[in-house]
Amino acid sequence: MILTDNETKVDLLNNEAISKTIIELLRENPDHPVTIGVHGDWGAGKSSVLEMIEAGFAGKEDVLCLKFNGWRFQGFEDAKIALIEGIVTGLVEKRPAMTKAGGALKDVFNRIDWLKVAKRAGGLAVTAFTGIPTPDQISAVVGTLEGIFADPGQLATKENLTSAIEGVKSILKPAETKNVPEEVEAFRKAFDKLLKDAGIKQLIVLIDDLDRCLPDTAIDTLEAIRLFVFTARTAFVVAADEAMIEYAVRKHFPDLPETTGPRDYARSYLEKLIQVPFRIPALGETETRMYVTLLLTGAEIGEGDADYAKLVAAARERLKRPWENAGLDAAAVKAALGAKADKANNALALSEQIGPILASGAKGNPRQIKRFLNTLLLRERTANARGFGADITLPVLAKLMLAERFIPRLFEQIAFVSAVHPKGTCDDLEHLEKSFAAEGANVKGDGKAATDLRKASKTTETVASEVESAVLSEWRLSETVRDWARVQPLLSGIDLRPYLFVTKDKKDYFGPVSILGHLATVVEKLFGGKMTVQGYESELRQLAQPEADKVFEAVRIKIMGTGALETLPTGVNGLIVLVKAQPGLQSKLLDFLEALPSSKCGPWAVSGWQGVVKDADCVGRLTALLTEWSKVTNNPALKAAAELALKDTKGAR
């Protein structure tokens, strides 16, 4: 089963309250123009709210809902013209009888032609600040176009230019209004008459995905809306992330007034246009648990199932008071699904286990939650298809994926050790989980026995902290890691290798690193901070040469595997300390440096090696490499750093 990521009329998030409120607001004064904003991050459910609004007006003959997706029209035509003409064309399509009102329809299209002239005639700015071009401007454009004929070299195609001139002349009527305000008012009156002739008491335009558009497209669409703001019986509902629209305003108008500041101006621009804002709240822990339960149950028994509709209704009833933490439980599921309740057991268990961290990690974003669940289910299918599905349980996989998605460094540390452990476990993780189990016992106990247990636990922790690994110490200091470790089930004693194998779609933990054995911990240490890895030099000196070779190769592969070489990769500082402690690795170090792609490598590649490369042959190779880098033409930063390093080398001599 795969969870679709499309907008839906089935409300699993209790966003129907927002859509109902907007519908009531729109119907209070249908004669008055209004612009409403539905705000929220990408994936918050804005498109679904628009779907619910459209469904709410279904069957009302005096109300016409038109949907416009700016993202889909991006690049086809001027977004301003696309929206205005799209609205009028939509009216004609949805109300065929409008063709009888020939005069009103023709008048509106003539007004739209004024905007097309601006685009056709060289990009006259048609914004809220410059308005529609006046007849005088158009006359000047016609004269300019006709004058071009004197220079045949400027004619791309004579036919196109002739067509442009005729098009301008066809709508140039000197007897009509002469200034921008009158032209705007004329358009509004013509459009209002068109609505009357069509028998439409209210036109509602739903605009979606505006925050996905390029800045110019977004602003063009907003400017077109401004043209309709004072047109009677016309309402706009704009779904967009405010932050993205503010960004578009700042990009489109770089010379903003200095008195208010760019951000204040951008916010004022949006607030001036959007009269009534609604923001979709992020899901909390209770809502996330319910959402996960409903998604997985719906995928299992079908969203069209009548009993599933009962479960959705029960969830929405509880979502009316989410602060009471009254999530869906087994009793509620049984009451709604009856004999099908068993099919929701897995959904209930998973929602309880992963709900808290998923709510925090995904920041309550429904799309992120849905994508996480899809990846989880696909990986389970992959394991079954490859024949080791029996070694995978969804709760364990889900917990590991929570770390992979939201705490990637923790996941890397666990995976790196577990992949080479003979039993596929991670000792540091086991110590961390056991310490929390002890905490639980302490909290539950009372009296003298509990006090003694707490004292013993503290003593054990004190001793353990003196000998525990740097990784475990790092985990204990992180509240996020501690919260994750408390999530059930505990992973202590579980062979994690099948789970790591099924995550190979992102990274292979079973390559050359698998031969490291006990050296895996040494490799992991070398990916710490610069000051930390310097403290491992004496420990690294104890390695035998074959061991040092294995550690070097594992670190090299991990560094190159990141693919990000523009900035200093994690592990390079550890590589420097390793070579300093093991001089026999100098030749391997030069092999590593010579293999770096000069076009993608940052200036970090130049420095740090001079103190550890002392062998005469290797010094010569390093100097030759720096000389080569100083001549590259496609990486100025690397070139400059190499030139400076060569000067320093010559100065030292």
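A cavity is a set of grid points where a 1.4 Å probe fits but cannot get out. In the predicted model examined here, three cavities of 30 Å³ or more are present. The largest cavity holds about 40 Å³ of space. Its lining is formed by His39, Leu210, Leu222, Val238, Ala240, Asp241, Glu242, Ile245, Leu270 and Ile274. When these lining residues are sorted by class, seven are nonpolar, one is polar and two are charged.

The packing of helices was examined next, beginning with the pair α1 and α2. Helix α1 comprises residues 16-28 and helix α2 residues 46-56; their axes come within 9 Å and cross at roughly 50 degrees. Helix α1 is therefore oblique to α2. The crossing of these two helices is right-handed. On the α1 side, the contact involves Glu16, Ile18, Ser19, Ile22 and Ile23, which meet Val49, Met52, Ile53 and Gly56 of α2. The residues of this contact between α1 and α2 include six that are nonpolar, two that are polar and one that is charged.

Further along the chain, helix α12 (residues 285-301) packs with α13 at an angle of about 175 degrees, and the two axes lie 11 Å apart. Because angles over 145 degrees count as roughly antiparallel, α12 is assigned this arrangement relative to α13. Helix α12 contributes Glu287, Met290, Leu294, Leu295, Thr297, Gly298 and Ile301 to the contact, while α13 contributes Tyr308, Leu311, Val312, Ala315, Arg318 and Leu319. By class, the contact of α12 with α13 consists of nine nonpolar, two polar and two charged residues.

Helix α13 (residues 306-319) also packs with helix α14 (residues 330-337); the angle is about 140 degrees and the axes are 8 Å apart. These two helices are therefore oblique to each other. The crossing of α13 and α14 is right-handed. Asp307, Tyr308, Lys310, Leu311 and Arg318 of α13 make the contact with Ala332, Val333, Ala336 and Leu337 of α14. Six nonpolar and three charged residues make up the contact of α13 with α14, and no polar residue takes part.

Helix α13 thus belongs to two of the described pairs, one with α12 and one with α14. Tyr308, Leu311 and Arg318 of α13 appear in the contact with α12 and also in the contact with α14.

Notes: Residues numbered from 1 in each chain as written. Predicted model: local features only at pLDDT ≥ 70, side-chain atom pairs only at ≥ 80, totals over all residues. Heavy atoms only, no water. Axes fitted to C-alpha atoms, helices over the stretch in contact; angles between N-to-C directions. Helix = DSSP H or I, 4+ residues; strand = E, 2+ residues; numbered from the N terminus. Parallel < 35°, antiparallel > 145°, perpendicular 65-115°, else oblique. Left-handed = near helix turned anticlockwise from the far one by under 90°. Contact = heavy atoms within 4.5 Å. Nonpolar A, V, L, I, M, F, W, Y, C, P; charged D, E, K, R; others polar. 1 Å grid on protein atoms, 1.4 Å probe; cavity = no way out; pocket = protein on both sides within 12 Å on 5 of 7 lines; lining within 4 Å. Points joined across faces, edges and corners; volume = space filled by probe spheres on them.
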